[in-house]
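Work through these exercises with the model open beside you. Try each task before you read its solution.

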Amino acid sequence: MSLRRRITAAVAVAVATVAVTLGVTGYLTTRSHLIGEVQHQLQGRVFLLLRSNAHRPAVPAPPALGGAPGYFQFVYPNGRIRVPEGGSAQLPADAHVLRIAKQGRGSFFTTARIHGVHVEVYTVGDADAHYAIEVALPLTEIDSTVHELSLTYGLLVGGGVLLAGLLGAGIARTALAPIRRFAKQTQEVTSALDRPRRLEERGATELVELAMSFNCTLDALERSIQAQRHLILDASHELRTPMAALRSNIQIFLEAHRLPEEERTGLQDAIVAELDELTQLVADVVELARGSTTSEHTEPIELDGILKEAVARAQRRAPQLAFSLELEPTVILNAPDRVSRAVTNLIDNARKWSPPGGRIEVVLRDGVLDVRDHGPGFKKEDIPSVFDRFYRADEARRLPGSGLGLAIVKQAAEAHGGFAVAGNAPDGGAVLRVAFGSQTIATGPSASQGAPTKPTRRPRRPPAS
């Protein structure tokens, strides 16, 4: 059922319930009041009878049953019924009436239909005369009045229900009009995402809040779309150069039989190197496309062990560099592949910028990793863009790489609530500080200093350099 129909039905049911309640209450109240008046008249007639001669009541003969003056009869304990002036008994004398006649006290009202006439009967005991008096008055006029009243109330209730339906429809239309406009605007906005628009934040407070929430969603969606577009454009741009070089070398290789052996070997090595670079670039783009999500498999991993393996690989590639390690045994809950790739990128970045014979310092303490080289460091204007995708400083353009390494580091760190910060050391060289989220399970004594075990705590973001 639509919301409009639900509102209409709810309003109609509410108003109809009130109308029915008022109608039934009015009907019962009026009927009770009219019957109460008849009962009061019956009590008055009995009072007059009791004031007369109790043993021989001086009352006229009762009229026909249903007459205006009322009908009288006297019931004795033995069941004998006497009607003044020799009339015939008309009212029933059941066990209840006989009991009152024997006791000579008590009274009650009852209704009966005698010879087709609806009457109200009042029975009261007389202790002095030892009999019960039954007095009856017709309810014909009251029945007629109540019947007419029921028809009137029925029409009022029916009209109230009909009016309730119309009111409910009108209220539903009015109440849902802003929502219909809102839905129409959202359809217009979402059908043309290439032309960014926002919903108007006006009207009722609830609609303003809904529009603000929807606009925030559109902002996030637009940023996501822009990020995807930029990633595709940047990746296409970066892939163009190695693919062009690879294509050129392959074309030359097709004519390799004309080249000397030494040139053919160099050409083969160049093709393999370009394929490796292209493969690495594609892998970096795929890694970035995963985003900073936490949906991947996580498990406890030894961050200090991953660092040792990454440093060992870097040492084999650059035997001329010296590595200084100060690693506190640390176990974190994270994705092993993502952390390993980020750590490798950090070490490789320091290796690329280190001068021959330089030293790279790797420190892991309290779940925070610092990697420092002794190269030229970052220019002040480059620091805000260090972790941007495909960003390469002017000095880095002569070095191999795609400009995605540090972007992957930041993404891996933020995937689990961590951070990545770039800065320069006071005495020269670049410093990259990274924490892979707050899921640090345990830290132990420093491997180099033998310090006592420290309690696990959340890594704190250092101030920007």
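**Exercise 1**

Leaving aside its neighbours within four places in sequence, which residues is Ile 360 in contact with?

*Solution.* Remember throughout that this model is predicted.

Step 1. Find Ile 360 in strand 9, which covers residues 359-365.

Step 2. List the partners. Ile 360 touches Leu 321, Ala 322, Phe 323 and Ser 324. Its contacts also include Ala 350, Arg 351, Ser 354, Val 371 and Arg 372.

Step 3. Take one partner and compare sequence with space. Ala 322 is 38 residues from Ile 360 along the chain, but the two C-alpha atoms are separated by 6.2 Å.

Step 4. Classify the residue. Ile 360 counts as buried because its relative accessibility is 0%, and the cut-off for buried is under 20%.

**Exercise 2**

Find which residues of helix 2 are buried, and say where they lie around the axis.

*Solution.* Step 1. Helix 2 spans residues 95-103, and its buried residues are Val 97, Ile 100 and Ala 101.

Step 2. Check the arc. These buried residues cover only 100° around the axis, so they lie on the same side of helix 2.

Step 3. Recall the general rule. An α-helix has 3.6 residues a turn, so residues three or four places apart point the same way.

Step 4. Turn to the other side of helix 2. Ala 95 and Lys 102 are exposed there.

Step 5. Name the packing partners. The buried residues of helix 2 pack against strand 1 (71-75), strand 3 (107-114), strand 4 (117-126) and strand 5 (131-138).

Step 6. Look just past the helix. Gly 104 has a positive phi of about 70° there.

**Exercise 3**

How many aromatic pairs does a search of the whole structure find? Describe two of them.

*Solution.* Step 1. The search finds three aromatic pairs.

Step 2. Start with Phe 74 and Tyr 131. Their rings are edge-to-face, 5.3 Å centre to centre, with 75° between the planes.

Step 3. Place this pair in the chain. Phe 74 is in strand 1 and Tyr 131 is in strand 5, 57 residues apart, and the pair links distant parts of the chain.

Step 4. Compare the accessibilities with the cut-off. Phe 74 counts as buried at 0%. Tyr 131 is buried too, at 2%.

Step 5. Go on to Phe 109 and Tyr 122. This pair is stacked, with 4.4 Å between centres and 25° between planes. Phe 109 belongs to strand 3 and Tyr 122 to strand 4, 13 residues apart.

Step 6. Classify these two residues. Phe 109 is partly exposed, with a relative accessible area of 29%, whereas Tyr 122 counts as buried at 8%.

Step 7. Look for a cluster. Ring pairs link Phe 74, Tyr 76 and Tyr 131. A charge also meets this cluster: the charged end of Arg 80 sits over the ring of Tyr 76, 4.3 Å from its centre.

**Exercise 4**

Which residues line the second largest cavity? Which helix gives the most to the lining?

*Solution.* Step 1. Count the cavities. The structure holds two of 30 Å³ or more.

Step 2. Note the volume. The second largest cavity has about 30 Å³.

Step 3. List its lining: Ala 310, Arg 313, Ala 314, Arg 317, Thr 344, Ile 347 and Asp 348.

Step 4. Assign the helices. Helix 6 (303-317) and helix 7 (336-353) each supply at least two lining residues. Helix 6 gives the most, with four.

**Exercise 5**

Compare His 115 with Asp 366. What is the phi of His 115, and is Asp 366 buried or exposed?

*Solution.* Step 1. Recall the background. Most residues other than glycine have a negative phi.

Step 2. Read the angles. His 115 has a positive phi near 50°. Asp 366 is not a glycine either, yet its phi is positive, about 55°.

Step 3. Locate both. His 115 lies in the loop between strand 3 and strand 4. Asp 366 lies in the loop between strand 9 and strand 10 (368-372).

Step 4. Classify both. His 115 is exposed, with a relative accessible area of 68%. Asp 366 is buried, at 14%.

Conventions:
Residues are numbered from 1 along each chain as its sequence is written. This is a predicted model: local features need pLDDT of at least 70, side-chain atom pairs count only at pLDDT 80 or more; totals for chains, interfaces and linings use all residues. Side-chain values use heavy atoms; hydrogens and water are left out. Buried means under 20% relative accessible area, exposed over 50%, partly exposed in between (1.4 Å probe, protein chains only). The arc is that of the directions from the helix axis to the C-beta atoms. Contact means heavy atoms within 4.5 Å. Rings of Phe, Tyr and Trp (its six-membered ring) pair if their centres lie within 6.5 Å; planes under 30 degrees apart count as stacked, over 60 as edge-to-face and the rest as tilted. A charge sits over a ring if NZ of Lys or CZ of Arg is within 6 Å of the ring centre and within 35 degrees of the ring normal. On a 1 Å grid over the protein atoms alone, a cavity is a set of points where a 1.4 Å probe fits but cannot get out, and a pocket is an open set with protein on both sides within 12 Å along at least five of seven lines; lining residues have an atom within 4 Å of a point. Grid points are joined across faces, edges and corners, and a volume is the space filled by probe spheres set on the points.
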